[in-house]
Amino acid sequence: MENKDNYLETSKAERSVWLMKCPGLVSRSLKAPQLSSSSSSSSASSSQAVAKVILSIDPRVSSDDNDSSSPQFTMELVGTETGDVPKRYSMDMTKDFVPMSVFSETSQGKLVVEGKILNKFDMRPHDENIENYGKLCRERTTKSMNKSRQIQVIDNDNGTHMRPMPGMIIAAVFNEKKKAPAKTSDTKRTRRDRGEMEDIMFKLFERQSNWTLRQLIQETDQPEQFLKDILKDLCIYNNKGTNQGTYELKPEYKKATDGTNP
């Protein structure tokens with residue numbers, strides 16, 4: 001007899017759900033109340049709302065006139081754990097995406113279809129918060145680039161542990177012959193945190209308005225595909241003109257960086 005737990009649960013497969021792409025700052029703010037409520041026995045705290053979505057519709061404009069009459073979505077963070085994170089964000093909705101579904105896995109290892117994606121949203125700071133968001137990104141960039149170094153004192157200062165053991169030199173020479181010609185490749189590069197990399201990119205575009213992909217790889221020492229994914233979200237690629245072949249920040253992010261300059 002087959003185990004029913006091996007089957008995929010599809011009772012909620014037709015339920016409509018939203019897919020939201022949000023900045024790392026917002027994601028961490030939404031998760032913070034969940035972590036605090038898990039350690040609290042109060043049922044009220046576990047059901048506390050962390051954000052609200054506001055739907056705005058202009059009844060004076062016909063839906064057949066233009067796209068500006070489409071519903072406008074705005075999210076407001078209502079939790080107290082957000083700190084200096086901007087509270088208000090615009091949500092750009094689109095239905096032009098590959099059909100997708102949401103899956104989850106229970107603690108017993110059972111797979112469940114939670115629903116299908118109806119709308120996709122890209123979050124960005126609301127116009128009223130764009131300057132504060134830019135300032136926050138600059139502060140995080142500066143902090144991430146100031147790495148603290150530590151000096152460790154070695155108790156055993158006679159150098160015994162640093163002497164090569166028998167066979168080590170021979171093995172090193174043998175391995176050196178097997179190595180392929182040294183060249184820079186993405187496999188040797190280690191990805192940084194997504195939020196940290198976005199901050200570094202903002203800092204670079206403050207220093208210079210246009211960058212080629214190869215220049216950014218040299219500056220950040222990050223994998224090419226990882227940088228392309230970030231550039232797709234933050235920048236515009238110039239196909240022609242005097243800046244052909246370079247990237248520059250999207251207008252909404254230019255406002256953030258320009259608005260914080262003295």
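**View 1. Glu196 sits in helix H5, paired with Arg192.** Helices here are DSSP runs of H or I with at least four residues, strands are runs of E with at least two, and both are numbered from the N terminus. This is a predicted model, so local features need pLDDT of at least 70 and side-chain atom pairs count only at pLDDT 80 or more, while totals for chains, interfaces and linings use all residues. Residues are numbered from 1 along each chain as its sequence is written, and side-chain values use heavy atoms, with hydrogens and water left out. Glu196 has a relative accessible area of 17%, so Glu196 counts as buried (buried is under 20% relative accessible area, exposed is over 50%, partly exposed is in between, with a 1.4 Å probe and protein chains only). Arg192, at 35%, counts as partly exposed. The two form a salt bridge, with the closest N and O atoms 2.6 Å apart; a salt bridge here is a side-chain nitrogen of Lys or Arg within 4 Å of a carboxyl oxygen of Asp or Glu. The side chains of Glu196 and Arg192 also make a polar contact at 2.6 Å (a pair of N or O atoms within 3.5 Å; within protein, one must be able to donate a hydrogen and the other to accept it, and residues adjacent in sequence count only if both atoms are side-chain atoms).

**View 2. Glu198, also found in helix H5, belongs to a salt-bridge network.** Its partners in that network are Lys21, Arg194 and Asp233. With 15% relative accessibility, Glu198 counts as buried. Look past the neighbours within four places in sequence, and Glu198 is in contact with Ile230 and Leu234, contact meaning heavy atoms within 4.5 Å.

**View 3. Met201 is one of the hubs of the largest nonpolar core.** That core has 33 residues, and Met201, Phe205, Leu216 and Leu231 touch the most other members. To count as a nonpolar core, a set must consist of buried Ala, Val, Leu, Ile, Met, Phe, Trp, Tyr and Cys residues joined through side-chain atoms within 4.5 Å. Helix H5, residues 194-207, gives the most to this core, with six residues. At least three residues come from each of domain 1 (6-30 + 48-143) and domain 2 (192-251), with bounds taken from an automatic or database domain assignment. Leaving out neighbours within four places in sequence, Met201 is in contact with Leu216, Thr220, Leu227, Ile230, Leu231 and Leu234. As background, nonpolar side chains tend to be buried together in soluble globular proteins.

**View 4. Asp221 has a positive phi in the loop between helices H6 and H7.** Phi of Asp221 is near 55°, and this is a residue other than glycine. Helix H6 covers 213-220. Asp221 is partly exposed, with a relative accessible area of 45%. Now to helix H7, residues 224-234, where you'll find Glu224. Glu224 is partly exposed too, at 23% relative accessible area. The C-alpha atoms of Glu224 and Arg189 are separated by 9.4 Å, with the two residues 35 apart along the chain.

**View 5. Glu76 forms salt bridges with Lys52 and with Arg88.** In the Lys52 pair, the closest N and O atoms are 3.7 Å apart. That pair links distant parts of the chain, with Lys52 in strand S2 (residues 51-56), Glu76 in strand S3 (residues 72-77), and their positions 24 residues apart. The side chains of Glu76 and Arg88 meet at 2.2 Å, N to O. Arg88 lies in strand S4 (residues 88-94) and Glu76 in strand S3, so this pair ties together parts that are twelve residues apart in sequence. Glu76 counts as buried at 18% relative accessibility, whereas Lys52 counts as partly exposed at 42%.

**View 6. Zooming back out, the chain comes to eight helices and eight strands.** Of its 262 residues, 29% count as buried. A search of the whole structure finds 14 salt bridges. Among contacts with a separation of 6 or more, 62% are between residues 24 or more positions apart. The chain exposes about 18,800 Å², and carbon and sulfur atoms supply 51% of that; accessible areas come from the Shrake-Rupley method with a 1.4 Å probe, and for residues only the protein chains shown count as cover.
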